Amino acid sequence: MATVFTPVETKRVYDAVYDRIENKILSGELKPGDKLPSERELMKIYGRSHPTIREALRMLEVAGYIRVIPGSCAEVCYSGTDRFEESISELLQMRRVPLVDLCDFMSMTEPEFIRWTAKKRTWEDLLVMEELLEEMRKVQDDEILYTTRMFPYHSQLMKATHNPLLNIFWKCMADFWTEESLSGHRGNIVIHDISKLHQIHEDLLVAIKNSDEKRAHELIVDCSKTWVYVLSEEGGMDNG
């Protein structure tokens with residue numbers, strides 16, 4: 001199995017092992033049906049005693065993350081994030097949350113989350129961002145098309161935090177902002193200078209490569225001021 005397990009830091013005994021395995025399951029690194037290493041292997045990986053490993057597995061089973069199969073390795077059975085993702089997708093598709101409120105939420109929170117991206121991104125994350133940035137570069141003559149390419153890029157930025165809740169929310173956002181769903185909002189989407197916006201995204205990738213949290217924060221704020229969702233009623237209201 002390709003999943004990499006690493007020794008845990010010294011903290012509360014079985015809770016430390018529980019936390020590490022739980023995080024792998026919630027992040028999607030371990031998926032339903034995946035087998036955990038044997039108890040003996042887990043003892044070596046985490047440097048813990050057999051009773052500690054057994055108690056951590058018992059807690060994971062009680063929490064509904066794994067099922068312990070007699071005579072075999074424990075198996076992941078948790079898929080709760082799927083239901084969470086479906087709920088968010090339904091909220092978006094049924095327009096139960098006004099788009100301006102979603103944009104306000106993104107512009108307020110993304111600058112803080114981008115600090116995590118700068119600290120936790122991997123080289124694999126950066127390669128995906130580079131590919132998405134190239135797709136954005138090709139459609140700078142159309143605000144709607146650019147926006148449809150921009151959201152997967154921002155989704156990848158949040159995925160690079162390796163926080164499962166952020167990943168789910170932004171994946172849903174990227175799936176929602178398609179050319180079809182945005183066509184009815186052409187008059188609401190304002191990009192003050194699309195070439196400037198693209199340059200901000202390029203500079204942002206450089207800042208993240210350099211793990212420059214401060215610069216990444218500044219650039220994502222600039223992005224939210226350059227790409228604006230405007231309400232048409234009473235002269236409009238933007239998210240910047």
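**Burial, rings and cores in a predicted chain**

Me: In this predicted model, is His162 buried, partly exposed or exposed?
Reply: The relative accessible area of His162 is 44%. Buried requires under 20% and exposed over 50%, with the class between them left for other values. His162 is therefore partly exposed.

Me: Where does His162 sit, and what is its phi?
Reply: His162 belongs to the loop between α7 and α8. Most residues other than glycine have a negative phi. His162 is not a glycine, yet its phi is positive, at about 60°.

Me: Which class of exposure does Ser211 fall into, and what is its phi near?
Reply: Ser211 lies in the loop between α10 and α11. Its relative accessibility is 38%, so it counts as partly exposed. Its phi is positive although the residue is other than glycine, with a value near 55°.

Me: How many helices and strands does the protein chain have?
Reply: The protein chain has 240 residues, of which 41% are buried. Among its contacts between residues at least 6 apart in sequence, 70% join residues at least 24 apart. Its secondary structure comprises 11 helices and four strands.

Me: What share of the exposed area of the protein chain comes from carbon and sulfur atoms?
Reply: The protein chain exposes about 12800 Å². Of that area, the share supplied by carbon and sulfur atoms is 51%.

Me: How do the rings of Phe105 and Phe169 meet, and how many residues apart are they?
Reply: Six aromatic pairs are found in the whole structure. Phe105 and Phe169 form an aromatic pair with centres 5.3 Å apart and 70° between the planes, and planes over 60 degrees apart count as edge-to-face, so this pair is edge-to-face. Phe105 is in helix α5 (residues 99-120) and Phe169 in helix α8 (residues 164-176), so the pair links distant parts of the chain, at a separation of 64 residues.

Me: Which of Phe105 and Phe169 is buried?
Reply: Phe105 has a relative accessibility of 37% and so counts as partly exposed. The relative accessible area of the other ring residue is 15%, below the 20% limit, so the buried one is Phe169.

Me: Which elements hold Phe151 and Trp227, and how many residues apart in sequence are they?
Reply: Phe151 and Trp227 form an edge-to-face pair, 5.8 Å centre to centre with 80° between the planes. Both residues are buried. Phe151 lies in helix α7 (residues 143-159) and Trp227 in strand β4 (residues 227-229), so the pair ties together parts whose separation in sequence is 76 residues.

Me: Which residues form one aromatic cluster with Trp170?
Reply: Phe151 pairs with Trp227, and Phe105 pairs with Phe169. These residues belong to one aromatic cluster with Trp170. Its other members are Phe105, Phe151, Phe169 and Trp227.

Me: Which ring does the charged end of Lys120 sit over, and which ring does Arg121 lie over?
Reply: For Lys120, the charged end is 5.5 Å from the centre of the ring of Trp116. Arg121 is 5.2 Å from the centre of its ring. The rings are Trp116 for Lys120 and Trp123 for Arg121.

Me: Which residues of the largest nonpolar core touch the most other members?
Reply: The largest nonpolar core has 42 residues. Elements that give two or more residues to this core include α5, α7, α8, α10 (194-209) and β4. Apart from it lies another core of 16 residues, among them Ile25, Leu30, Leu42 and Ala74. In the largest core, the residues that touch the most other members are Leu157, Trp177, Leu204 and Trp227.

Me: Which backbone oxygen does the side chain of Thr148 reach?
Reply: Thr148 is in helix α7 and counts as buried because its relative accessibility is 9%. Not counting residues up to four places away in sequence, Thr148 touches Trp177, Thr178, Glu179 and Leu182. Its side chain reaches a backbone oxygen at 2.6 Å, that of Leu145.

Me: What separates the C-alpha atoms of Met173 and Ser155?
Reply: Met173 is in helix α8 and counts as buried, at 0% relative accessibility. Ser155 is 18 residues away along the chain, and the separation of the C-alpha atoms is 7.5 Å.

Me: What separates the C-alpha atoms of Val228 and Ser107?
Reply: Val228 is in strand β4 and is buried, with a relative accessible area of 2%. Val228 and Ser107 are 121 residues apart along the chain, and their C-alpha atoms are separated by 9.6 Å.

Conventions:
Residues numbered from 1 in each chain as written. Heavy atoms only, no water. Buried < 20%, exposed > 50% of the residue type's maximum accessible area, 1.4 Å probe, protein only. Contact = heavy atoms within 4.5 Å. Areas by Shrake-Rupley, 256 points an atom, 1.4 Å probe, with all protein chains shown as cover. Phe/Tyr/Trp six-rings, centres within 6.5 Å; stacked < 30°, edge-to-face > 60°. Lys NZ or Arg CZ within 6 Å of the ring centre and 35° of its normal. Core = buried A, V, L, I, M, F, W, Y, C linked by side-chain atoms within 4.5 Å. Polar contact = N/O pair within 3.5 Å; in protein donor to acceptor, adjacent residues only side chain to side chain.
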